[in-house]
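The following briefing concerns the structure shown below. Core packing is taken up before a single polar residue and the confidence figures.

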Amino acid sequence: MEALRRGRIASVTELTPNSVRNIIGVPASEQEIDALIAWYEALARAAAEFPEAELKDVEPPLRSTPGPGR
Amino acid sequence: MNLTISELGPLLCDQKISSLEVTEAYLARIETLDPRLRAYIAVTGDTAREAARRADAEIGRGNYRGPLHGVPLGIKDLLDLDGLPTTMGSKILRDNVAHQDATAVRKLKQAGAVILGKHNLHEFAFGITSENPHYGTVRNPWDLDRVPGGSSGGTASAIAADLCAGGLGSDTGASIRAPASFCGIVGLKPTYGRVSRAGALPLAWSLDHIGPMARSVGDCALLLQAIAGYDARDPGSADLPVPDFSASLGDGVRGLRIGLCREYFFDVIEPDVDRLVQTAIDALADLGASVVEVSLPHVRHAQVAGNVLMSTEAAAWHATWLRDRPDDYGADVLLRIRGGLLVRGTEYLAAQQMRTLIQQDFSGAFQEVDVVVAPTVPLVAPRIGHTLEPSGPLNVPARSIANRATIPCNLTGMPAISLPCGFSDGLPVGLQIMAPAFAEPLLLRVAAAYEAATEWHTRRPPL
């Protein structure tokens, strides 16, 4: 959890069963919600290990497109 | 049967065998074996026979179209085939009838290929096992108790079991190469933009690739030749010339530099897989290549970055069904796609930035080497029903590591191929070769040199 707290990546401590229910927008069992939180927690923990300082030096490969010409 | 496309083509061209005879033989084998393998979702026997008769008539008139003319193939059921549902292995799309062919399918037809049917897959192409709750679990022909890999598991199983001569799969994180590895066939993920995705349903737009699967490197080159090229219907399509993918297959590897990255690709790997891949690298060295250690310091983040992108992009495409039809998903796929709803924008963008860093790593490596080699998957095909629990020599859940060696090339868009490099307790192991963007001829050249020096690709499962 320390990695999550210090990281720029979202902290899973903000996720509660109710907030997850709000995000998915449909009824789900307690077991499903727990599994979702566990899944996200594992991913977010791993993503918090991305090298933050190096990320600041690069752009994501996303570009605005000029749109159709005349 | 048991012929590769490269072997079948000349026989058809010279009318020593008819396309209809070959097609009937495949259809009979499908009827016998597919109830066990569950490799097909739909078999199009009548239209296949019709196409075969047409091919025979054209060849008889001297209008031979080329090496795929009259050759029976199968396609993964996420590519549109005019008049049939494109189910993507899902219940939700069971009645999603296509009204035109996907571009890659249209090109196969233009090359004269006979389409035998549509192959089973992991639901929505989101998984590496092809344990499909709606169309049956696809079986690995080498051991029917094991998964064939996925998501293009039906295509790999069908090719390995000789239920078609070759086919088309898709690859978002491993989905051509992992099943190729598990089933002992060859699978090629081309460069992003080389093959049109138009008419292929998406899993994750920025990672999806369409590519060939077959029994030999030469066959993959022939299939790629037919399907490659610019297509305005695909916004990611590259408007570049298409080279002759078979031209340098016999040029060998003498003088080439083979890159080896031990820091990631060999740190989590079953001992037998490690041994077989090392032996394959030694074989390439014996053929005249030099082996050079390279460093890819950011590649250790590739699996996480890829999984963030995949789940988030999938969640965006599935948003309405996640709300309206959650009960129509299999549990494993619902979890991963729904999980994408929880990923934050900053996390998605951080994963995209990781992609840039990994691309820079490979760009640096390719200043020193021509290709990079690695295992395709760090383990052999796991047992059906046991892929989520720790098992095997590594004692880890197979699903947690199955795409770790393949997903870097989905992030970078570089081409990569898997080909058989040995067997562990009767189960195939795959060697992965990665090359710079649009260097498929080089990739195929290295793969063909290894294949020509070994006999692994000639083995057939004991069905």
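## Core packing and a buried aspartate in chain B

In this predicted model, L108(B) is in contact with L68(B), L73(B), I75(B), A113(B), I115(B), L168(B), L223(B), A226(B) and I227(B), leaving aside residues up to four places away in sequence. Apart from the largest nonpolar core lies another core, which has 12 residues. Details are grouped by topic below.

**Nonpolar cores**

- The largest nonpolar core comprises 166 residues, and the members that touch the most others are L108(B), F265(B) and I433(B).
- Helix 10 of chain B, residues 302-324, supplies the largest share of this core, with 10 residues.
- The separate core of 12 residues includes V147(B), A178(B), L379(B) and I401(B).

**Surroundings of D77(B)**

- D77(B) lies in the loop of chain B that runs between strand 2 (72-76) and helix 4 (103-110).
- D77(B) counts as buried because its relative accessibility is 1%, and the cut-off for burial is under 20%.
- The side chains of D77(B) and T87(B) are joined by a polar contact of 2.6 Å.
- Not counting residues up to four places away in sequence, D77(B) touches T87(B) together with I41(B), P85(B), T86(B), M88(B), G89(B), K118(B), H119(B) and L121(B).

**Confidence**

- Chain B has a mean pLDDT of 97, and 100% of its residues reach 70 or more.
- For the complex, the predictor reports a pTM of 0.96 and an ipTM of 0.89.

Note on methods
Residues numbered from 1 in each chain as written. Chains lettered and ligands numbered in written order. Predicted model: local features only at pLDDT ≥ 70, side-chain atom pairs only at ≥ 80, totals over all residues. Heavy atoms only, no water. Helix = DSSP H or I, 4+ residues; strand = E, 2+ residues; numbered from the N terminus. Buried < 20%, exposed > 50% of the residue type's maximum accessible area, 1.4 Å probe, protein only. Polar contact = N/O pair within 3.5 Å; in protein donor to acceptor, adjacent residues only side chain to side chain. Contact = heavy atoms within 4.5 Å. Core = buried A, V, L, I, M, F, W, Y, C linked by side-chain atoms within 4.5 Å. pLDDT = per-residue confidence, 0-100.
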